[in-house]
Amino acid sequence: MCRAMMYLGEPVQLDDLLFKPDSSLVNQAYMPRMLHMLNLAGFGMMAWDSTSFVPDVPHRYRSPSLPIFDGNLKSLAIKTRAECVIAHVRGVAYSTSVKVSEQNTHPFHFPGAAVAMAHNGDIYRIGDLKRTLAEAIAPDLLAQISGSTDSEWVYALLLSQLADWRAEPAPDELVAAVQRTVDLIEAARRRHGIAISSSCNLFLTTGRQILGLRHCFDFGHYRTGSPDQLHEANMTFLSMWFTTGRDYGLHDGEWQMVGGEEEPRAIIIASEPLSSNSATWMPVPEYAIVHAVMDGKRPDFRVIPLER
């Protein structure tokens, strides 16, 4: 399973998210605290900087190599500040059949799309589901799938639920598209008689809003009762956490968000806290969405349960 994170708020140095904290995203590639598998199949990132040339176009970086050995990424992280960031380290099954390539690195972002997406999970028997899911994917989006991951199919399916996948969706439209995506995948699983647990944590951003979904199909009590069995990758409900406050950085010798009692000026959503001190982090509820959108110079956030 993968690890991912998103940031929205006051400009932050990428190094403070990706490298410096003791449980930074790069460190989670080889030393995750809440996962028993390593994430060795690549790194990807998008970052929006309003002071850069063509500010609506994010910096983008993808590599199938390990980020801890990537000097180019470290140089970029030291020099870049951004108001919105999505980043992902990819974890895959240890098998020669798995394809490790730039096309399979997250986040996914089709040319012209308003929304980018990273995925933490595993859509069980995706090969059996593709023909059914294709019925709900716009042909121009289906044609853009270039990799071999289940995640890219989820991304194309999600974009197809937007009125115009090239335009910035309203917050409620984005939330509704996520709900429809979950419902369509669940319906496809029922159609194919699949009842084995399947994680689907999603990380979405447009550069001015972020959304994290914590979800697992057929994990215990949700909708249909206990699964026939637990998939080996879903023995526990995959983690997702968030923190809000005035300033994220090194405070009193520890990496943490401070000023949580004030109106937030920043929010981070991540697969797991970015530092060993998790006192200011809160778990995203199971079967729920955390959404934040910039309101002036501050992010307005809410926690929304999925419809059941």
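Select lysine 74 to start: its relative accessible area is 29%, so the residue is partly exposed. The model on screen is a predicted one. Add aspartate 15 to the selection; the side chains of lysine 74 and aspartate 15 form a salt bridge, 2.8 Å from N to O. Lysine 74 belongs to helix H3 (residues 71–79) and aspartate 15 to helix H1 (residues 14–18), so this pair links distant parts of the chain, 59 residues apart. Where lysine 74 is partly exposed, aspartate 15 has 4% relative accessibility and counts as buried because the cut-off is under 20%.

Next, select arginine 3 and glutamate 272. A salt bridge joins their side chains at 2.7 Å, N to O. Arginine 3 is in strand E1 (residues 3–13), and glutamate 272 sits in the loop between strand E12 (266–270) and strand E13 (282–283), so the bridge ties together parts 269 residues apart in sequence. Are these two residues buried or exposed? Glutamate 272 and arginine 3 are both buried.

Move on to arginine 189 and aspartate 218. Their side chains also meet in a salt bridge, with an N to O distance of 2.8 Å. Follow helix H7 (residues 171–191) to find arginine 189; aspartate 218 is in the loop between strand E8 (216–217) and strand E9 (241–245), so the pair ties together parts 29 residues apart in sequence. Arginine 189 and aspartate 218 are buried. Now add Arg190: salt bridges with shared partners join Arg189, Arg190 and Asp218 into one network. In the whole structure, a search finds 15 salt bridges.

Now color helix H6 (150–159). How many of the residues of H6 are buried? The count is 10 of 10, so H6 is largely enclosed by the rest of the structure. Among these buried residues are Trp153, Tyr155 and the run Leu157, Leu158 and Leu159, as well as Asp150 and Glu152. Show the surroundings of H6 next: its buried residues pack against E5, H4, helix H5 (139–142), H7 and strand E6 (198–205).

Step from H6 into the loop that leads to H7 and select serine 160. Two backbone atoms are within reach of the serine 160 side chain. One is the backbone oxygen of alanine 156, at 2.8 Å; the other is the backbone nitrogen of alanine 138, at 2.9 Å. Which residues does serine 160 contact beyond its neighbours within four places in sequence? They are Ala136, Ile137, Ala138 and Leu141.

Then go to tyrosine 124, in the loop between strand E5 (116–121) and helix H4 (126–134). Tyrosine 124 has 24% relative accessibility and counts as partly exposed. To get a sense of scale, draw a distance from its C-alpha atom to that of alanine 266: the two are separated by 35 Å and are 142 residues apart along the chain.

The last stop is the second largest pocket. Select Trp48, Pro55, Asp56, Gly207 and Arg208, which lie nearest the centre of this pocket among its 23 lining residues. The space in the second largest pocket is about 470 Å³. Which element gives the largest share of its lining? That element is E1, with 4 residues. Color the lining by residue class to see 9 nonpolar, 7 polar and 7 charged residues. E1 is also the strand that holds arginine 3, from the earlier stop at glutamate 272.

Technical notes:
Residues numbered from 1 in each chain as written. Predicted model: local features only at pLDDT ≥ 70, side-chain atom pairs only at ≥ 80, totals over all residues. Heavy atoms only, no water. Salt bridge = Lys/Arg side-chain N within 4 Å of Asp/Glu carboxyl O. Helix = DSSP H or I, 4+ residues; strand = E, 2+ residues; numbered from the N terminus. Buried < 20%, exposed > 50% of the residue type's maximum accessible area, 1.4 Å probe, protein only. 1 Å grid on protein atoms, 1.4 Å probe; cavity = no way out; pocket = protein on both sides within 12 Å on 5 of 7 lines; lining within 4 Å. Points joined across faces, edges and corners; volume = space filled by probe spheres on them. Nonpolar A, V, L, I, M, F, W, Y, C, P; charged D, E, K, R; others polar. Polar contact = N/O pair within 3.5 Å; in protein donor to acceptor, adjacent residues only side chain to side chain. Contact = heavy atoms within 4.5 Å.
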